[in-house]
Amino acid sequence: MSTHLPIRRLLAAGLLAGAVAAAATGCGDETSGTAQSAESAPVAELSASSSPAEKLEAAVTRTLNAGPIRVSTVADGVTTESQLDYSQRVTYTEMGDASSPVQGVLMRDDVVFVLPGQGAEGAKPGTWYRIADSNGMSGMLGKTFDSEFVKKLVLSSKEIVESGREDVDGTSTTHFVVTPDPDVMIDLAMEALPEEMKTSGVDLRAAMRPQVPTALHYWVGDDGYLVKEDDGAQVKTYHSFGEPLDLPEFDEDTVEVLPGA
């Protein structure tokens, strides 16, 4: 089972970049299985003359401070459902594809666990495992809890423009189009990669450049929260703001390190 975070997911500039949607990770909360909602930040006071970048930054900040959120992600025809809370530093993802070697993904702080599915090599399906601290994944995924890093991914661009008003599943939104700066995005991606990857001898910058999206699309609701994003490879929708998280419960003391990770 590969435990490397796909580079395009890191470059996708999504609010969770791929840490929620694609990483083979997780961690359990055996006490309550629920993260408490943080008090939502007020909507930023923006004037009509505020730039598109300022408006999008305000939406990203508000969403990061929202407390519990649900995220539905569609990529390659497969849907995954995630729960996250930046204030509690926790994410949990259930894979929608029954054939996936990874069925559950749960992370809290820098602790990473994975629930293998059928076809996972060297691991028992339905048994929670921990990713070894030396794997390097914890550092990569930990970056997704860094709000300043996430905002840089979204906002470090050549251009951010408003593209009119659109209805998204019954919600009135403003559509923003971001043209990424490939060099800046690759610099940020390099920050998140573990040292062993940087010193592997592979030209990572050259490998990443074709994976930088040509455009990123964000839809912001009238309440100031992100509603949807699309990087050309995956589409995320945000919903159920403030609904308590429902995390799996298991005894972390009995969890073993994932073989080969």
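**Exercise 1. A loop residue with an unusual backbone angle**

Arg89 lies in the loop that connects β2 (78-85) with β3 (90-95). In this predicted model, find what sets the backbone of Arg89 apart, given that it is not a glycine, and look for a second residue of that kind.

*Solution.* Begin with the general expectation, which is that most residues other than glycine have a negative phi. Arg89, although not a glycine, has a positive phi of about 55 degrees. Next consider its surroundings: the relative accessibility of Arg89 is 27%, so it counts as partly exposed, since that class lies between the limits of 20% and 50%. The second residue is Ser240, which is not a glycine and has a positive phi of about 55 degrees. Ser240 is placed in the loop between β11 (234-239) and β12 (256-257), and with a relative accessibility of 28% it counts as partly exposed.

**Exercise 2. The chain as a whole**

State how many helices and strands the protein chain has, and what share of its residues counts as buried.

*Solution.* The protein chain contains seven helices and twelve strands. Of its 261 residues, 49% count as buried. A further step concerns contacts between residues at least 6 apart in sequence, of which 63% join residues at least 24 apart.

**Exercise 3. The nonpolar cores**

Work out which residues have the most contacts inside the largest nonpolar core, and which elements supply at least two residues of it.

*Solution.* The largest nonpolar core is made of 32 residues, and Leu56, Tyr218 and Leu226 are those with the most contacts inside it. At least two residues of this core come from each of α2 (52-64), β1 (69-75), β4 (102-108), β5 (111-116), α4 (147-155), β8 (171-180) and β9 (216-221). The largest share, four residues, is supplied by α2. A second core, separate from this one, has 13 residues, including Phe149, Ile186, Leu193 and Met208. As a general background to such groupings, nonpolar side chains in soluble globular proteins tend to be buried together.

Ile186 also leads to helix α5 (residues 182-192), in which Met185, Ile186, Leu188, Ala189, Met190 and Ala192 are buried. At the N-terminal end of α5, Asp181 acts as a cap, with a side-chain oxygen 3.1 Å from the backbone nitrogen of Asp183.

**Exercise 4. How two helices pack**

Describe the angle at which α2 and α4 pack and how far apart their axes are, and then identify the residues that meet.

*Solution.* The two helices α2 and α4 pack at an angle of about 145 degrees, and their axes are 10 Å apart. The crossing in which α2 passes α4 is right-handed. On the α2 side, the residues in contact are Ala53, Leu56, Glu57, Val60, Thr61 and Leu64, and these meet Ser147, Val150, Lys151, Val154 and Leu155 of α4. Sorted by class, the contact of α2 with α4 consists of seven nonpolar, two polar and two charged residues.

**Exercise 5. Two residues of strand β8**

For Thr174 and then for His175, decide whether the residue is buried or exposed, and name the side chain that it joins in a polar contact.

*Solution.* Thr174 is found in strand β8, and it is buried because its relative accessible area of 14% is under 20%. The side chain of Thr174 makes a polar contact of 2.9 Å with that of Arg165. Leaving aside residues up to four places away in sequence, Thr174 touches Glu162, Gly164, Arg165, Tyr218, Trp219 and Val220.

His175 also has its place in strand β8, and its relative accessible area of 7% makes it buried. The side chains of His175 and Glu166 are joined by a polar contact of 2.7 Å. Among the residues that His175 touches, again not counting those up to four places away in sequence, are Val161, Ser163, His217 and Tyr218. His175 and Pro52, which are 123 residues apart in sequence, have C-alpha atoms 10.0 Å apart in space.

**Exercise 6. Two more loop residues**

Determine whether Asp169 is buried or exposed, and do likewise for Phe250.

*Solution.* Asp169 lies in the loop between β7 (157-168) and β8, and with a relative accessible area of 73% it is exposed. Phe250 lies in the loop between β11 and β12, yet at 12% relative accessibility it counts as buried. The C-alpha atoms of Phe250 and Thr127 are separated by 9.6 Å, while along the chain these residues are 123 residues apart.

Technical notes. Residues are numbered from 1 along each chain as its sequence is written. This is a predicted model: local features need pLDDT of at least 70, side-chain atom pairs count only at pLDDT 80 or more; totals for chains, interfaces and linings use all residues. Side-chain values use heavy atoms; hydrogens and water are left out. A nonpolar core is a set of buried Ala, Val, Leu, Ile, Met, Phe, Trp, Tyr and Cys residues joined through side-chain atoms within 4.5 Å. Buried means under 20% relative accessible area, exposed over 50%, partly exposed in between (1.4 Å probe, protein chains only). Axes are lines fitted to C-alpha atoms, for helices over the stretch in contact, and angles run from 0 to 180 degrees between N-to-C directions. A crossing is left-handed if the near helix is turned anticlockwise from the far one by less than a right angle, and right-handed if clockwise. Contact means heavy atoms within 4.5 Å. Ala, Val, Leu, Ile, Met, Phe, Trp, Tyr, Cys and Pro count as nonpolar, Asp, Glu, Lys and Arg as charged, and the others, Gly among them, as polar. A polar contact is a pair of N or O atoms within 3.5 Å; within protein, one must be able to donate a hydrogen and the other to accept it, and residues adjacent in sequence count only if both atoms are side-chain atoms.
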